[in-house]
Amino acid sequence: MFLKIVLLIALVYILYRAFGGKIELPKAKSKESKEIDQNTLVECCKCSVYITRKEATKRGDKFYCEDCA
Ligand SMILES: [Zn+2]
């Protein structure tokens with residue numbers, strides 16, 4: 001019984017590695033990291049003002065503040 005559990009964990013781990021670790025694990029954790037990301041300060045690439053990620057407008061890889069968007 002114990003061996004089956006170990007094999008199952010190993011199989012899950014191998015599958016996880018096979019997908020390059022892109023499988024979303026706990027939902028609570030991803031939600032938390034999303035909130036942190038939304039409150040991260042980013043620099044407006046036009047006027048260099050700092051705004052939070054949720055207030056910024058993203059175009060490509062660059063962020064713009066409300067005034068420059
Ligand atoms: Zn700006």
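This is a short tour of a predicted model, from its overall layout down to a few individual residues.

**The overall picture**

The chain has 2 helices and 4 strands. Reading along the sequence, you meet them in the pattern α-α-β-β-β-β. Of the 69 residues in the chain, buried ones make up 4%. Take the contacts between residues at least 6 apart in sequence: 3% of these join residues at least 24 apart.

How far does the predictor trust its own work? The mean pLDDT of the chain is 85, with 77% of the residues at 70 or more. Confidence is lowest in helix α2 (residues 27–38), where the mean is 68. At the other end of the scale sits β2, the highest, at 95.

**Helix α1**

Helix α1 covers residues 2–18, which is 17 residues. At 1.5 Å a residue it should span 24 Å, and since its end C-alpha atoms are 24 Å apart, the model agrees with that expectation. Is α1 buried or in the open? The number of its 17 residues that are buried is 0, so the helix lies largely in the open. After α1 comes G20, a residue with a positive phi, near 70°.

**Around strand β1 and its loop**

E43 belongs to strand β1. It has 15 C-beta neighbours inside 10 Å, and because a residue needs 20 or more to be buried and 12 or fewer to be exposed, E43 counts as partly exposed. Setting aside neighbours within four places in sequence, E43 is in contact with S48, Y50 and F63.

One of those partners, S48, lies in the loop between β1 (41–43) and β2 (50–52). S48 counts as exposed because it has 8 C-beta neighbours inside 10 Å. Its backbone is worth a look too: phi of S48 is near 60°, a positive value in a residue other than glycine. For context, most residues other than glycine have a negative phi.

**Two buried residues: A56 and F63**

A56 is in the loop between β2 and β3 (57–59). With 24 other C-beta atoms within 10 Å, A56 is buried. Which residues does A56 touch, leaving aside those within four places in sequence? Its contacts are V42, I51, F63, Y64 and C65.

F63 sits in strand β4 (residues 62–64). F63 is buried as well, because 21 other C-beta atoms lie within 10 Å. Beyond its neighbours within four places in sequence, F63 is in contact with V42, E43, C44, C45, A56 and K58. So F63 turns up among the partners of E43 and among those of A56, while V42 appears in the lists of both A56 and F63.

**Some distances to check on screen**

If you want to follow these residues in the viewer, here are three pairs, with C-alpha to C-alpha distances.

| Pair | Separation in sequence | C-alpha to C-alpha distance |
|---|---|---|
| E43 and F63 | 20 residues | 6.6 Å |
| A56 and E66 | 10 residues | 6.7 Å |
| F63 and Y50 | 13 residues | 9.8 Å |

The E43 and F63 pair ties back to the contacts above: E43 has F63 as a contact, and the C-alpha atoms of the two are separated by 6.6 Å. Y50, by contrast, is a contact of E43, and its C-alpha lies 9.8 Å from that of F63.

Key:
Residues numbered from 1 in each chain as written. Predicted model: local features only at pLDDT ≥ 70, side-chain atom pairs only at ≥ 80, totals over all residues. Contact = placed C-beta atoms within 7 Å. Expected span 1.5 Å × (residues − 1). pLDDT = per-residue confidence, 0-100.
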